[in-house]
Amino acid sequence: MQETGLMHDIVHTGVPGLDELLNGGIPRGTTIILEGNPGTGKTTLGIQFLLEGARQYGESGIYITFEELPEQIYRDMSGFGWDLRELERQNKLRIICLEPDVLLDQMMRTDGLFEQLIREIDCKRVVIDSISLFRTLAGLGNDGREQIYSIRNIMRKFDLTAFFLREYGETEGRSTPFENYVCDGIIRLSLREHLEKYRKRTVEILKMRGTCIVEGEHHYRFMKDGICILPALSMVEDKILSDGVERLSTGIESLDELLLGGLPQGSAFMLDSNSKANYKYLMNSILAERLKRGDCVLFMLSGLSSVETIEQTLELFGASLKEAAAEERVFFIDHYHRKVEREYENLVIHVDRLSNEEYQKKVYEAINPHFRETMVQGKRWFIHYDLNTIISERGREFIKRNFADEMARCRAAGITVLCQTNFTEIGLETSSFLERASNGVIRTWVDGSYQYLQITKSPGGRMSAPHIVDNIRDRPYVRLI
Ligand SMILES: Nc1ncnc2c1ncn2[C@@H]1O[C@H](COP(=O)(O)OP(=O)(O)OP(=O)(O)O)[C@@H](O)[C@H]1O
Ligand SMILES: [Mg+2]
């Protein structure tokens, strides 16, 4: 036996979108229940699994049906432009219609019809439409478990990857049917009312041994060439930022993984957290990592974070703010006119009691010369922008007028920006504007006794699943699970 599911040989279904939900595909030799109400597309998906196996992966398949004649299936599936007869001629497919007890009988025999057939076409995939009939046939007092169990074992014996189709309504309201335990996976197709406007078709993977899955309900559609699944949480990719751009590590391995390596250089990300969530570790890990790698960092100080507190926190992460100050790699914007140690005096831009125009001018004039100088040296810049402070000191209008513009300029100059914000507090209108104007959003929040983190927008186009933020004793003090 293999130790991990990852070591299994994977069978790609070839059905658009489905393999993505299955982390590549189905472990070879497993038996999957494909259930759904009448008309949800079980037959279509089953045939498509065999067809794509033959067309894309050179794997032959057998479709066993108890209810429909092959003629009916040829006809129904020709609507998708599938010529199943041709595949049969090429020995890549067999569609057979027989009685369930005949099937069982032939399967149990050494060198029976079934075994011969498998050898004849070197069969790798099987679909049985449907196992519901075993229950009816078995009669009262028996739920067909013996028959289903035997067939499952035969699939395993020949290392066949199988779909057992099942009517969904049939098992509803009863105790968990026995085959849910013996089969390795369950895929459910549903069709129901949505918002009283239209009917939505969704697919959900309820179980899949040996592979991780993308949880949740995913829409699927009948296209002119078959079923196409649209994995939830996927959006249009931002090509420029997802291809060939350097990734800046966040210092938290599990977060880097979610971000496909880190924050893309030149991107603007939001770190959205509510007041209960501890965003400090996340933020400081990212900032410390920048300093340790020799980047220049511009800090926007808030009422709560002074140069002093930043120095202390960054030290926890092994970064020395003083050292960076000596190298003139750190700058601070302060709205509260606080005194700082001598080492930092020339690096703080005091912007209290300035109008918005004066503020912009002062920051620009203070930073620009350093920026030019360091860019020539090939240094990277990182800006920590505290939007809560900007909103309370400069107003919402200021953000709306300037934010998109500033982010575009940063992006063009390869400057990476991380904005700290609290979307719930700043209101829907401003927050949706900010979300649109940025390339990515990392959300962290507390619910009950857990803190969660989710990438809700990213240039790669992916949203992540929500992860739990777990505290650990050593640096970087947090990890995602
Ligand atoms: N191009 C299409 N566009 C929309 N719906 C389609 C298209 N092609 C087929 N369908 C729908 O798919 C359904 C048939 O799918 P299929 O036979 O695979 O379902 P099934 O789950 O096997 O149903 P049953 O339980 O009756 O065997 C039909 O109800 C039909 O309305
Ligand atoms: Mg059917």
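Me: How many positive and negative side chains does the chain have, and how far apart do the centres of the two sets lie?
Reply: For this kind of count, Lys and Arg are positive and Asp and Glu negative, while His and the chain ends are not counted. Each charge is placed at NZ of Lys, CZ of Arg, CG of Asp or CD of Glu. Here there are 60 positive and 72 negative side chains, with the two centres 2 Å apart. Do keep in mind that this is a predicted model, where local features need pLDDT of at least 70 and side-chain atom pairs count only at pLDDT 80 or more. Residues are numbered from 1 along each chain as its sequence is written, and side-chain values use heavy atoms, with hydrogens and water left out.

Me: What does the radius of gyration of the chain come to, set against a compact globule?
Reply: The radius is taken over C-alpha atoms, and the globule rule is 2.2 Å times the number of residues to the power 0.38. For 481 residues a compact globule would have a value near 23 Å, but this chain has 30 Å. Its C-alpha trace spans about 90 × 50 × 45 Å along the principal axes.

Me: How many helices and strands should I look for?
Reply: Both are DSSP runs numbered from the N terminus: helices are H or I with at least four residues, strands are E with at least two. You will find 19 helices and 23 strands in the chain.

Me: Let's pick one helix. What is the reach of α12?
Reply: The expected span of a helix is 1.5 Å times one less than its number of residues. Helix α12 covers residues 280–292, and its 13 residues reach 18 Å from first C-alpha to last, close to the 18 Å expected. Just after α12, G294 takes a positive phi of about 85°.

Me: Is α12 mostly covered or mostly uncovered?
Reply: Buried means under 20% relative accessible area, exposed over 50%, and partly exposed in between, using a 1.4 Å probe and protein chains only. By that rule α12 is mostly covered, with 10 of its 13 residues buried. Among them are L282, I286 and E289.

Me: Why does E289 count as buried?
Reply: E289 counts as buried because its relative accessibility is 11%. Contact means heavy atoms within 4.5 Å. Leaving aside neighbours within four places in sequence, E289 is in contact with S249, T250 and G251.

Me: And which class does R55 fall into?
Reply: R55 lies in helix α2, residues 42–57. R55 counts as partly exposed because its relative accessibility is 49%. R55 and L87 are 32 residues apart in sequence and 8.9 Å apart in space, C-alpha to C-alpha.

Methods. Chains are lettered from A and ligands numbered from 1 in the order in which they are written.
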